[in-house]
Structures are given as C-alpha cells and as structure tokens.
Amino acid sequence: MKRDIQLQGLWRNSIGELSLATTPGGVVVGIYRRTELGEPRQYALSGHVSGNSVAFSASFPEEGRLASWTGQLTVDSRGRKLSLARRTLGDGPPGVRAVTPETYRPAAVEAAALTPVSFPEDRRGRADSRA
C-alpha cells in the first residue's frame, strides 16, 4: 500500500503561507494566508493527497475567484519543498486567468501564526477517525 505524505505544519513562500493538516485517509485541510497584499487575509482550503502528490483549492469570495493548487512534495539540497502550480479562475473572460508556479518550504512553527484546524465530530462527540 502506498503511503501518503504528511504535510502537517506551516509552509511559506514570498506571497503566502499554508497551514496544513492531513488525515490518515488522505484528506488535506487547512488555511491559506495571503501576505503579499499588506494586511494578511486567510481562506479555508481542502483537498487530497496521494503518495507524494497533493491537490487542494480555496475560494476568494470577495474577489469572485477560485484557486487550486496541484503538485508534489520533493526534496532538494535545501530540504523538503512543496512544488505547486496555482490555477486561478474568476469572473470575466472564460478560462484560467493565471497559472503560477509556486514553491513552499517548511517554516519554523510559531504558535501565534497557526490557526487550529478541527475535524468533523461523529455522533458520540469524538473526532471522526474514519476519514
């Protein structure tokens, strides 16, 4: 059986941060923070991981846009990195507005920077471990 990568933690690049968690079933949940526009904004994201491949998406409702990221976790001379392609869709002309390559690296965990991510509870009030 192929083992899915674990993406828990904070990943950063020059324009944003990804605070990610994965479940044993390969579901990715987290927060995307855009930091390049002055005051940071954050958006919920969700997706899937399979092996070392990952795909997730987020909605930017105030801008009428959606973004999706696909890519892989790889290792180079500097360590682990998420090599992703971000596709942005929105109001206006049909089709993809932009395809942007992005690389995220693990960040030192700062407790104040992380937003807790919770998983759905089952009927007994416990975290659902089936996902």
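The following dialogue examines a predicted model of one protein chain and the grounds for the terms applied to it.

Biologist: What makes up the secondary structure of the protein chain?

Modeller: The chain has zero helices and eight strands, so its elements, read from the N terminus, run β-β-β-β-β-β-β-β. Of its 131 residues, 37% count as buried. The chain exposes about 8000 Å², and carbon and sulfur atoms supply 54% of that area.

Biologist: Why is glycine 16 called buried?

Modeller: Buried requires a relative accessible area under 20%. Glycine 16 has a value of 0% and is therefore buried. This residue lies in strand β2.

Biologist: Which residues does glycine 16 touch, not counting those up to four places away in sequence?

Modeller: Glycine 16 touches Trp11, Tyr32, Arg33, Arg34, Thr35 and Tyr104. As for Arg33, its C-alpha atom is separated from that of glycine 16 by 5.4 Å, although the two residues are 17 apart along the chain.

Biologist: Why is the pair of arginine 41 and glutamate 62 called a salt bridge?

Modeller: The term requires a side-chain nitrogen of Lys or Arg within 4 Å of a carboxyl oxygen of Asp or Glu. The closest N and O atoms of arginine 41 and glutamate 62 are 3.5 Å apart, and the pair therefore satisfies the cut-off of 4 Å. Arginine 41 belongs to strand β4 and glutamate 62 to the loop between β5 and β6, so this salt bridge links distant parts of the chain, 21 residues apart.

Biologist: How do you know that arginine 41 and glutamate 62 are partly exposed?

Modeller: Partly exposed covers values between the 20% limit for buried and the 50% limit for exposed. Arginine 41 has a relative accessible area of 41% and glutamate 62 one of 47%; both are therefore partly exposed.

Biologist: What makes the pair of aspartate 76 and lysine 81 a salt bridge?

Modeller: Their side chains meet with an N to O distance of 3.6 Å, and this value lies within the 4 Å limit. Aspartate 76 has a relative accessible area of 28% and is therefore partly exposed. Lysine 81 is also the bridge partner, in β7, of threonine 74.

Biologist: How are β6 and β7 joined, and in what sense do they pair?

Modeller: A hairpin joins β6 to β7 through two residues. The two strands pair in the antiparallel sense over 12 bridges, whereas at least two bridges suffice for the term.

Biologist: What does the salt bridge between arginine 86 and glutamate 102 tie together?

Modeller: The side chains of arginine 86 and glutamate 102 meet at 2.8 Å, N to O. Arginine 86 lies in strand β7 and glutamate 102 in strand β8, so the pair ties together parts that are 16 residues apart in sequence. Both residues are buried. Elsewhere, salt bridges that share partners join Arg12, Glu17 and Arg33 into one network. The structure holds five salt bridges.

Biologist: Which residues have the most contacts inside the largest nonpolar core?

Modeller: They are Leu18, Trp69 and Leu82, in a core of 20 residues. The elements that give two or more residues to this core are β2, β3, β4, β5, β6 and β7; β5 gives the most, with four.

Biologist: What is leucine 82 in contact with, leaving aside its neighbours within four places in sequence?

Modeller: Leucine 82 is in contact with residues including Leu7, Trp11, Leu18, Leu20, Val54 and Leu73. Its contacts also include Glu102, the salt-bridge partner of arginine 86.

Technical notes. Residues are numbered from 1 along each chain as its sequence is written. This is a predicted model: local features need pLDDT of at least 70, side-chain atom pairs count only at pLDDT 80 or more; totals for chains, interfaces and linings use all residues. Side-chain values use heavy atoms; hydrogens and water are left out. A nonpolar core is a set of buried Ala, Val, Leu, Ile, Met, Phe, Trp, Tyr and Cys residues joined through side-chain atoms within 4.5 Å. Buried means under 20% relative accessible area, exposed over 50%, partly exposed in between (1.4 Å probe, protein chains only). Contact means heavy atoms within 4.5 Å. Accessible areas come from the Shrake-Rupley method with a 1.4 Å probe; for residues, only the protein chains shown count as cover.
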